Amino acid sequence: MTLQIFTLRERPDLRAHVFGSELQSVWPEFMQHDTAAQLYFAPKLFDRYLDYAFAGVAEGKVVARAFSVPFAFGVDGRNELPDGGWDEVIRWAHDDQISNRAASAVSALEISLLPEMRGRNNSLQMLDAMKANARAKGFSDLYAPVRPNQKHLQPRTPMRDYAWALDDKGLPVDAWLRTHVRIGGKIVKIAPCSMTIVGSIAEWSRWTGLTFDRSGEVAIAGALAPVLVSLEQDYAVYVEPNVWVHHRL
Ligand SMILES: CC(C)(COP(=O)(O)OP(=O)(O)OC[C@H]1O[C@@H](n2cnc3c(N)ncnc32)[C@H](O)[C@@H]1OP(=O)(O)O)[C@@H](O)C(=O)NCCC(=O)NCCS
């Protein structure tokens, strides 16, 4: 099935669907509490990024979404992709906006498909649309802090071991990383602290439905690494590692 893919600048009428409950629930509740996300998704700020946000439509229904962000790279000490990954590139882009600094590259932020749309080449269509859009705007590089989609099955494996695990064809074992690499993406480095999500023990219980009865590392469904719990200090923190991939456009 071919998706019809539009930017939200082209189809502002699809914005509510992109943020509707079905696509939003692709993400575990705890993943929706990264405060850096507000610098991109808060409605007034998101208005700046409509040319970089996409809806994928099949049979009249929004079944996929994607977000990307332009940012200045190679200036003001930004000589390397940040260890802070997703959070940091959002902060960079926000700082560029308020400082009127011109962007020189684009970072992917998310590609999500409804579960019934997965495993059918749709991820590639969304990625291709994001690349084509960046290229059409004159950019030569798309970077992506990729969230490998089977990593949650091995939360205790260090990302540096997981990201470079290859199959017998020399491609990444992880399907989503493989999709990136197969079309020419190059794995650059790990972003060890790509997203940081912190909350009180009560908040984490609400987000996960779990009761936390000991301090230490706790594996949580959907998390790529264990959550660090401190009952004594009454907080838990999740630091998500991602994998920076570079697509030359
Ligand atoms: C991440 C995500 C977009 C990836 O999409 P996906 O459809 O699951 O596909 P992937 O690109 O990971 O994997 C492709 C696999 O699907 C299958 N596939 C792809 N095209 C296919 C087709 N035409 N027919 C049958 N199977 C196909 C294959 O198994 C392929 O693996 P292969 O390398 O062995 O061929 C999707 O899983 C998703 O929305 N996840 C939730 C949100 C998320 O985590 N997003 C990523 C963070 S940015």
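**View 1. The whole protein chain, with its nine helices and nine strands.** Helices (H or I, at least four residues) and strands (E, at least two) are DSSP runs, numbered from the N terminus. Heads-up: this is a predicted model, where local features need pLDDT of at least 70, side-chain atom pairs count only at pLDDT 80 or more, and totals for chains, interfaces and linings use all residues. Residue numbers start from 1 along each chain as its sequence is written. Put the C-alpha atoms in a box along the principal axes and you get roughly 50 × 45 × 45 Å. The radius of gyration of the protein chain is 18 Å, which agrees with the value near 18 Å for a compact globule of 249 residues. That radius is taken over C-alpha atoms, and the globule rule is 2.2 Å times the number of residues to the power 0.38. Of the 249 residues, 38% count as buried. Buried here stands for 20 or more other C-beta atoms within 10 Å of the residue's own, exposed for 12 or fewer, and partly exposed for anything in between, with C-beta atoms placed from the backbone. Take the contacts between residues at least 6 apart in sequence, and 73% of them join residues at least 24 apart. A contact is a pair of residues whose C-beta atoms, placed from the backbone, lie within 7 Å.

**View 2. The shell around the ligand, made up of 17 residues.** The closest are Arg118, Ser123, Ala175, Trp176 and Thr179. Strand S4 (105–113), helix H6 (122–136) and helix H8 (175–182) are the elements that give two or more residues to this shell. To be near the ligand, a residue needs its C-beta atom, placed from the backbone, within 6 Å of it. Sorted by class, the shell has five nonpolar, seven polar and five charged residues. The nonpolar class is Ala, Val, Leu, Ile, Met, Phe, Trp, Tyr, Cys and Pro, the charged class is Asp, Glu, Lys and Arg, and the others, Gly among them, count as polar.

**View 3. The largest nonpolar core, with 64 residues.** A nonpolar core is a set of buried Ala, Val, Leu, Ile, Met, Phe, Trp, Tyr and Cys residues joined through C-beta atoms within 7 Å. Phe54, Val69, Met126, Met130 and Val243 touch the most other members. Strand S3 (residues 61–71) supplies the largest share of this core, seven residues. Zoom in on Met130 and, neighbours within four places in sequence aside, you find contacts with Phe54, Ala66, Ser68, Ala108 and Leu142. In soluble globular proteins, nonpolar side chains tend to be buried together.

**View 4. Helix H5 and the loop residue just after it, Asn100.** H5 has 15 residues and reaches 21 Å from its first C-alpha to its last, close to the expected 21 Å at 1.5 Å a residue. The expected span is 1.5 Å times one less than the number of residues. Buried residues of H5 include Trp86, Val89, Ile90, Trp92 and Ala93. The buried residues of H5 pack against helix H3 (38–41), S3, S4, strand S5 (141–146), strand S6 (186–199) and S9. Asn100 sits in the loop between H5 (85–99) and S4, and its phi is positive, near 60°. Asn100 is exposed because it has just 6 other C-beta atoms within 10 Å.

**View 5. The loop between S4 and H6, home to Glu116 and Asn121.** Asn121 has a positive phi near 80° without being a glycine. Most residues other than glycine have a negative phi. With 12 other C-beta atoms within 10 Å, Asn121 is exposed. Glu116 counts as exposed too, because it has 9 C-beta neighbours inside 10 Å. Measuring-stick pair: Glu116 and Val69 are 47 residues apart in sequence and 27 Å apart in space, C-alpha to C-alpha.

**View 6. Arg248 in strand S9 (residues 235–248).** Skipping residues up to four places away in sequence, Arg248 touches Ser140 and Asp141. Arg248 and Ser140 are 108 residues apart in sequence, yet their C-alpha atoms are 6.1 Å apart. Arg248 is exposed, since 10 other C-beta atoms lie within 10 Å.

**View 7. Ser205 in helix H9 (residues 201–208).** With 14 other C-beta atoms within 10 Å, Ser205 is partly exposed. Residues up to four places away in sequence aside, Ser205 touches Leu210, Thr211 and Phe212. The C-alpha atoms of Ser205 and Trp92 are separated by 32 Å, with the two positions 113 residues apart along the chain.

Notes
Contact = placed C-beta atoms within 7 Å.
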